[in-house]
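Q: I'm a first-year student, and I'd like to understand one part of this model properly. Could you take a close look at it with me and then link it to the rest of the chain?

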Amino acid sequence: MMNKSWIYVILTCLFELIWVFGFNTAETWWHWGLVIVFILFDFYTLPKACEAIPTGTVYAIFAGVGTVGTAIMDVFLFEGDFSVGKVLFMALLIAGIIGLKLADNKEVDKNMKGVA
């Protein structure tokens, strides 16, 4: 169940980046239709990911990938600015997400020790 949940995390992050890209590029009704479809897929996979993984971890990853992915997409696809400050704060965000995930694992370990 845990591995399947991580697949949902990956899918929700991917769908998020696709619909954010769509917000910047959609010009016709069917482009906007695809954006809506990806938002609906996103709203399906995000709660499915939270079924076996702590919601705080899932949301931190979702928001972090969305933020970092959007910033990278802005630089490489939409000719946005890239600076040392952006790289620094993206690294800080990624470190925070990893720290949150590690903290969740410690809580699970404590709970498991209490059971045995």
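The part I mean is Lys48: is Lys48 buried, exposed or partly exposed, and with which residue does Lys48 form a salt bridge?

A: Happy to help! Lys48 has a relative accessibility of 23%, so Lys48 counts as partly exposed, the class between under 20% and over 50%. Keep in mind that this is a predicted model. The salt-bridge partner of Lys48 is Glu51, and the closest N and O atoms of the pair lie 3.7 Å apart. That separation is within the 4 Å limit, which means the pair qualifies. By this rule, the count comes to one salt bridge.

Let's stay in this part of the sequence. Helix α2 covers residues 29-49, and α2 is one of the helices that each supply at least two residues to the largest nonpolar core, along with α1 (2-25) and α3. This core has eleven residues in all, among them Leu46, Ala49 and Ile53. Its largest share, four residues, comes from α3. Leaving out residues up to four places away in sequence, Leu46 touches Thr12, Val58 and Phe62; Val58 and Phe62 are also members of the core. A second, separate core has six residues, including Val20, Ala26, Ile39 and Met73. As a general idea, nonpolar side chains in soluble globular proteins tend to be buried together.

Helix α2 also holds Val35. Its relative accessibility is 5%, under the 20% cut-off, so Val35 counts as buried. What does Val35 touch? Not counting residues up to four places away in sequence, its contacts are Trp19, Gly22, Phe23 and Ala26. Take Gly22 as an example: Gly22 and Val35 are 13 residues apart in sequence, while their C-alpha atoms are 5.7 Å apart in space.

Now for the cysteines. Cys13 belongs to the largest nonpolar core and counts as buried because its relative accessibility is 7%. Cys50, in contrast, is partly exposed at 23%. A disulfide is a covalent bond between the sulfur atoms of two cysteines. A search of the whole structure finds zero disulfides.

Not every nonpolar side chain here is tucked away. Phe76 sits in helix α3 and has a relative accessible area of 64%, so Phe76 is exposed, being over the 50% cut-off. Phe76 joins Phe21, Ile72, Leu77 and Phe78 in a nonpolar surface patch of about 480 Å². Helix α3 (residues 55-77) gives the largest share of this patch, three residues. Helix α3 thus appears twice in our tour, with the largest share of the largest core and the largest share of the patch.

Finally, let's step back to the whole chain. The protein chain has four helices and zero strands, and along the sequence the pattern reads α-α-α-α. Of its 116 residues, 28% count as buried. Its accessible surface comes to about 7,800 Å², and carbon and sulfur atoms account for 73% of that. Among contacts between residues at least 6 apart in sequence, 69% join residues at least 24 apart. The contact of Leu46 with Thr12 is a good one to look for in the 3D view.

Definitions and conventions:
Residues are numbered from 1 along each chain as its sequence is written. This is a predicted model: local features need pLDDT of at least 70, side-chain atom pairs count only at pLDDT 80 or more; totals for chains, interfaces and linings use all residues. Side-chain values use heavy atoms; hydrogens and water are left out. Patches are made of residues with over 30% relative accessible area and no salt bridge: like charges are joined within 9 Å, nonpolar side chains (Val, Leu, Ile, Met, Phe, Trp, Tyr) within 5 Å. Accessible areas come from the Shrake-Rupley method with a 1.4 Å probe; for residues, only the protein chains shown count as cover. A salt bridge is a side-chain nitrogen of Lys or Arg within 4 Å of a carboxyl oxygen of Asp or Glu. Buried means under 20% relative accessible area, exposed over 50%, partly exposed in between (1.4 Å probe, protein chains only). Contact means heavy atoms within 4.5 Å. A disulfide is a pair of cysteine sulfur atoms within 2.5 Å. A nonpolar core is a set of buried Ala, Val, Leu, Ile, Met, Phe, Trp, Tyr and Cys residues joined through side-chain atoms within 4.5 Å.
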